[in-house]
Number of protein chains: 2
Amino acid sequence: MRDVAVIGIGMNKWGELWDKSLRDIFTEAALKAIDDGGVDHIDSMYIGNMSSGLFVGQEHLASLLSDYLGQGPIPATRIESACCSGGAAFRSAFIDVASGMNDIVLAGGVEKMNDIGGDGATFALATAADQEYEVYHGVTFPGLYAMMARAHMERYGTTRKQLAEVAVKNHENGSKNPLAQFPFKTTVEGVINSPMVADPLTLMDCSPITDGAAAVILCPADMVKDYKNHPAVKIIGSGHATDTIALSTRDDLTYLKATEIAGQKALKMAGKRLSDIDLCEVHDCFTIAEIIVLESLGFFERGKAAAATEAGETRIGGKIPINTSGGLKSKGHPVGATGIAQIYEIVNQLRGGAGERQVKGAKVGMAQNMGGSGGSTLVHILEVM
Amino acid sequence: MRDVAVIGIGMNKWGELWDKSLRDIFTEAALKAIDDGGVDHIDSMYIGNMSSGLFVGQEHLASLLSDYLGQGPIPATRIESACCSGGAAFRSAFIDVASGMNDIVLAGGVEKMNDIGGDGATFALATAADQEYEVYHGVTFPGLYAMMARAHMERYGTTRKQLAEVAVKNHENGSKNPLAQFPFKTTVEGVINSPMVADPLTLMDCSPITDGAAAVILCPADMVKDYKNHPAVKIIGSGHATDTIALSTRDDLTYLKATEIAGQKALKMAGKRLSDIDLCEVHDCFTIAEIIVLESLGFFERGKAAAATEAGETRIGGKIPINTSGGLKSKGHPVGATGIAQIYEIVNQLRGGAGERQVKGAKVGMAQNMGGSGGSTLVHILEVM
């Protein structure tokens, strides 16, 4: 396998983008990545998207987008793995370059979620859960994560306030990210007193419905010198694992097995330990998700991540800065784009370009992107070259 | 890149499978492929599926299916490229093995199309066309292909009878395929006198709505000796190309540019000429599609494939046997599974296992799988080892 680097990144301002089509949003982010990478063509592309069929009535997405990007007739493939479609697209692009099949490859992610309306979006997102054994009976994602939160609180004494601290920290970070959908700060009281969604989770424990896109450009590490707009960042680890998508068939509601396995695989490939990681983007679709992911990756012992969050260990300047971008919570969560936006943040940080939210001296970063209630997980580790 | 072989194939009986769920159908085909390949595990898998979100309200498909196959926590990725989702999944599996990332990889395809009903299926399929510039104005696929047929008839004098001959030949082949959805023979009169769908295309010019799945097992060519249930078949060429998904932005309605490019790429990689190909499965979603694909691949000059079909050159025993499986027309067209089922047929033929429809002495086969009205195309070339 060839070594692979990320040489370009692009992302648009996320939010409710009523005046733009899915193809406009993607093209905006992709052109930024192409410009940032200084490339004059791409050889193939992979698009992470969860459910454009349900959200906007459009499948066959990769061909559509390669055409709108002016890159047809290149090979273009859409990847779906629920909310980690972006991470999975990044991995496919990585394998494509590593194999020698293609050199300059774009990995993008896009989702246009608002057009369908609130009920439609809730149904579309619920297709990431088990339709026949979960959704049919009426459960959707806030309910599934609320059950995980209740189980974690019961077993480990995790408190309501500690969950809220995740949102407070991520909005603090997001307030420094000009591309975030909700770049405002909040407080523990603000989170707890926001409208109840699924007890114990309130509105401010939940990531939002977002329109947005992100894209990155990959090439063989030995070609980086030809495209030297920025410090290049090498992909040193890629881990991908699956679990049951139905919560009811899991051994343990307070742990994410696929996240643990994907994290261990990525670390092994990278030849790194967790202590080598300078910052990490994790999949905080709900506040409880960030807590359980941090324990499943091993950054904290089981049952200890909530207290560590309360103590500030996951803030910028803390033991391990988590979700410097603002995370899904503040930055937004256009599901297919989220995994690519995590890579955008890590590359931006490792280049030293993150401005007010920069982690000083960051050399190695990790991104963890998760589908559904943890039925699939991608973990990538990147290091500045 | 490592050389890659196909060592196992599996497929279920296609049709209207009201008593089986999508997960049942896939698992049945996948277990057959695993058994056929003689492998005791798989390292990763890729699932071709066009629109399970719209058809059965289920995304996050690859994780669900790896779980139901008893293969979690392996990496599992769903690939979507409309009606060539299967071909694209096969290519991703090929690249995965070729890269060295994984050894034993399953490429599967599945679609459960009947549950949603006829109008629902027509809408879901139409999401492979351009939603904003085609579908919004009321056109669906029979109409798009009817326009291509009219243009081809006008330019080259292609006749109604010649189109019908495609269906007659494919049903003749399909009548010898026990897994086909419609394994009956038909006649030119039977095709022409069937109910009109979109002039000049009648019901019997159109591929059906189908529930079905297929799966194949790939491994590095140098590991074939460890899994020697059958003659192994090597993947010697893979071509993937895209075009505009909207017909209105094409230069020429009577030609498929992405098919030409993908075919040329596959031949170049394989180091073969068209005259080396002993049989070919092509994407006959409508009778006119087979005619235009054969011309775009170069098997016949432009405007000559219809007469060649009428003269029997594409029958088993003819110059180049096309769609020995019965094609999409007779075998059925569960859109995400079709590309994998084409590989199933080619491998089965190259092993000499196709029974009554065997092409004698076949050594090299090609499969052409196409999305929408030709907005994406995959071409693979396989050779018996």
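Q: How far apart do the C-alpha centres of domain 1 of chain A and domain 2 of chain A lie?
A: A quick note to begin: this is a predicted model, in which local features need pLDDT of at least 70, side-chain atom pairs count only at pLDDT 80 or more, and totals for chains, interfaces and linings use all residues. Residues are numbered from 1 along each chain as its sequence is written, while chains are lettered from A and ligands numbered from 1 in the order in which they are written. Chain A is split into domain 1 (4-117 + 210-233) and domain 2 (137-206 + 235-384), with bounds from an automatic or database domain assignment. The distance between the C-alpha centres of these two domains of chain A is 23 Å.

Q: Which element gives the most to the side of domain 1 of chain A that touches domain 2 of chain A?
A: The contact (C-beta atoms, placed from the backbone, within 7 Å) takes 39 residues from domain 1 of chain A and 35 residues from domain 2 of chain A. On the domain 1 side, strand E1 (4-11), H4, strand E4 (105-112) and strand E7 (211-220) of chain A each give two or more residues; helices (H or I, at least four residues) and strands (E, at least two) are DSSP runs, numbered from the N terminus. With eight residues, the top contributor is H4(A).

Q: How many residues of E4(A) are buried?
A: Buried here means that 20 or more other C-beta atoms, placed from the backbone, lie within 10 Å of the residue's own. Val105(A), Ala107(A), Gly109(A) and Glu111(A) point one way from E4(A), Leu106(A), Gly108(A), Val110(A) and Lys112(A) point the other way, and all are buried. For E4(A), then, the count is eight of eight.

Q: Which residue is the bridge partner of Gly108(A) in E7(A)?
A: Strands pair if DSSP finds at least two bridges between them. E4(A) pairs with strand E2 (residues 44-48) of chain A in the parallel sense over five bridges, and there Gly108(A) is the partner of Ile47(A). E4(A) is also joined to E7(A), antiparallel, by eight bridges. In E7(A), Gly108(A) is matched with Ala215(A).

Q: Which residue of chain B stands opposite Arg78(A)?
A: Strand pairing crosses between the chains as well: three bridges join E3(A) to strand E3 (residues 76-80) of chain B, running antiparallel. Opposite Arg78(A), in E3(B), stands Glu80(B).

Q: How many charged residues are on the side of chain A that touches chain B?
A: In all, 53 residues of chain A are in contact with 54 residues of chain B. H4(A) gives the most to the chain A side, with six residues. Ala, Val, Leu, Ile, Met, Phe, Trp, Tyr, Cys and Pro count as nonpolar, Asp, Glu, Lys and Arg as charged, and the others, Gly among them, as polar. That side has 21 nonpolar residues, 23 polar ones, and a charged count of nine.

Q: Why is chain A as compact as a globular protein of that length?
A: Chain A has 13 helices and 11 strands, and its C-alpha trace spans about 55 × 45 × 35 Å along its principal axes. The globule rule is 2.2 Å times the number of residues to the power 0.38, and the radius of gyration is taken over C-alpha atoms. Chain A is as compact as a globular protein of that length because, against the 21 Å that the rule gives for 385 residues, its radius of gyration is a close 19 Å.

Methods: Contact = placed C-beta atoms within 7 Å. Buried ≥ 20, exposed ≤ 12 C-beta atoms within 10 Å, placed from the backbone.
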